[in-house]
Amino acid sequence: MNFQKLKYAVVVADSGSFREAARRLFMAQSSLSTAIRELEEMYDLQIFERTKRGIFITEEGSEFLSYARDVLSQVSVMENRYLDADRKKLFSVSSQHYDFVSEAFAVLVANDEDRAHHYRLLETSTTDVMENVKNAYSEIGILYMNAYNQKVIKQYLNHNELSYTEIGAFQPHVFVGKQHPLAGRESLTQADLLAYPSVTFEQTQGSSAQLTEEALDLGEDSTQSTIYVSDRATSINVLVKTDAILVGTGILTSPFRDMMITIPVTDVEDNHIIYIQNKYRKLSSEAERFISILNDQLNDVIGSADS
């Protein structure tokens with residue numbers, strides 16, 4: 001595969017013309033045109049339609065360019081990691097939307113006194129957490145697993161040479177605002193939740209229903225409505241201002257704990273927090289430090305709840 005020609009095609013698409021692309025690439029327009037034609041012949045497709053009014057990306061060209069961008073992105077990650085000895089290493093973690101994960105991440109960054117690393121935390125869907133670790137976009141991923149979703153998750157992990165390690169267990173809790181009708185309850189059952197709208201983190205389109213991020217399956221008709229969000233800040237604002245509920249770990253370690261109440265759901269089994277990694281790749285020192293911070297935080301919170 002000629003990565004340089006892939007780059008040419010992407011620059012042409014971004015530039016809108018061969019003339020502008022040739023200027024950006026510091027090469028002759030005729031050479032660029034020849035390179036693109038060779039690329040099209042190699043893959044037996046037409047990427048660009050050339051007209052008197054300029055160039056247009058064909059339907060198959062649009063799909064091809066999407067793949068090309070993905071390939072070039074991975075090449076860039078690999079080159080940055082292995083060809084530049086002076087470049088700071090990147091530690092990346094993907095996670096479902098957990099308050100304690102972002103807190104542990106902040107502690108990790110704060111303790112890097114030598115500023116020896118770049119850092120990235122991606123709060124995303126369950127599928128994307130696993131995909132990011134599979135594709136080495138993140139070194140580790142943080143998920144929960146229970147009797148409902150473990151079969152699907154384990155199948156994915158086994159198929160993609162990923163392993164998992166448990167770092168804690170939690171009893172599902174309901175997050176509600178302090179003015180919520182359930183706020184005064186010491187405990188709840190699943191039946192108590194059926195009358196209230198449910199906040200849920202949006203998942204990747206087409207993913208299995210078993211990969212939902214919420215730790216309870218209350219059924220499709222269990223709430224008045226479902227409120228889909230993609231980030232924790234929005235979910236918190238919704239919980240504080242409405243009578244919606246969010247089912248999760250109940251673990252709050254940031255200042256957000258002053259904005260809401262967590263109530264245990266008593267008629268369900270415990271869930272398990274896990275981290276996933278490539279089965280054959282040794283964890284970096286930063287990953288080990290991050291997991292150690294997570295363990296400490298979870299032990300403190302869960303231990304204090306048990307006492």
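**Exercise 1. Find the partner of Val 174 and place its strand in a sheet.**

Task: in this predicted model, which residue of strand 10 is the bridge partner of Val 174?

Solution:
- Start at Val 174 and look across to strand 10: the bridge partner there is Val 247.
- Now zoom out to the strands. Strand 7 (residues 173-177) and strand 10 run antiparallel and are joined by three bridges.
- Next, add the rest of the sheet. It's an open one of three strands, in the order 10-7-11, and the pairing is antiparallel.
- Check the ends: strand 10 (246-248) and strand 11 (260-264) are the edge strands, each pairing on one side only.
- From one strand to the next, the twist averages 30°.
- Finally, look for a helix on top. Helix 8 (residues 232-241) lies across strand 7, strand 10 and strand 11, and runs at about 70° to strand 7.

**Exercise 2. Work out the five-stranded sheet.**

Task: say in what order the five strands of the open sheet come, and which strands stand at its edges.

Solution:
- Trace across the sheet and you get the order 4-3-5-12-6, with mixed pairing.
- The ends of that order are strand 4 (117-123) and strand 6 (162-170); each has a single partner strand, so one side of each has no neighbour in the sheet.
- The average twist here is 20° from one strand to the next.
- Pick out one pair inside the sheet: strand 5 (residues 140-145) and strand 12 (residues 271-278) are antiparallel, with six bridges between them.
- To pin that pairing to residues, take Tyr 144, whose bridge partner in strand 12 is Ile 273.
- Then bring in helix 5 (residues 99-110), which packs on the sheet and touches strand 3 (89-95), strand 4, strand 5 and strand 12. The direction of helix 5 makes about 175° with that of strand 4.

**Exercise 3. Classify two helix crossings.**

Task: decide how helix 1 sits against helix 2, and how helix 6 sits against helix 7.

Solution, helix 1 and helix 2:
- The axes of helix 1 (residues 3-15) and helix 2 (residues 18-25) come within 8 Å, crossing at roughly 125°.
- That angle falls outside the roughly perpendicular range of 65 to 115 and isn't over 145, so helix 1 is oblique to helix 2.
- The crossing is right-handed.
- Who's touching? Helix 1 brings Lys 7, Tyr 8, Val 11, Val 12, Asp 14 and Ser 15, while helix 2 brings Phe 18, Glu 20, Ala 21, Arg 24 and Leu 25.
- Sort those residues by type and you have six nonpolar, one polar and four charged.

Solution, helix 6 and helix 7:
- Here the axes of helix 6 (residues 126-134) and helix 7 (residues 150-159) come within 11 Å and cross at roughly 15°.
- Angles under 35 degrees count as roughly parallel, so helix 6 is roughly parallel to helix 7.
- This crossing is right-handed too.
- On the helix 6 side the contact has Met 130, Glu 131 and Lys 134; they meet Ile 153, Tyr 156 and Leu 157 of helix 7.
- By type, that's four nonpolar, no polar and two charged.

**Exercise 4. Check the confidence.**

Task: where in the protein chain is confidence lowest, and where is it highest?

Solution:
- Begin with the whole chain: the mean pLDDT is 86, and 89% of the residues reach 70 or more.
- Then go element by element. Helix 9 (residues 285-306) comes lowest, at a mean of 80, and strand 5 highest, at 94.
- A rule for reading the model: where pLDDT is low, the predicted coordinates shouldn't be read in detail.

Technical notes: Residues are numbered from 1 along each chain as its sequence is written. This is a predicted model: local features need pLDDT of at least 70, side-chain atom pairs count only at pLDDT 80 or more; totals for chains, interfaces and linings use all residues. Side-chain values use heavy atoms; hydrogens and water are left out. Axes are lines fitted to C-alpha atoms, for helices over the stretch in contact, and angles run from 0 to 180 degrees between N-to-C directions. Helices (H or I, at least four residues) and strands (E, at least two) are DSSP runs, numbered from the N terminus. A crossing is left-handed if the near helix is turned anticlockwise from the far one by less than a right angle, and right-handed if clockwise. Contact means heavy atoms within 4.5 Å. Ala, Val, Leu, Ile, Met, Phe, Trp, Tyr, Cys and Pro count as nonpolar, Asp, Glu, Lys and Arg as charged, and the others, Gly among them, as polar. Two strands pair if DSSP finds at least two bridges between them. pLDDT is the predictor's confidence in each residue, from 0 to 100.
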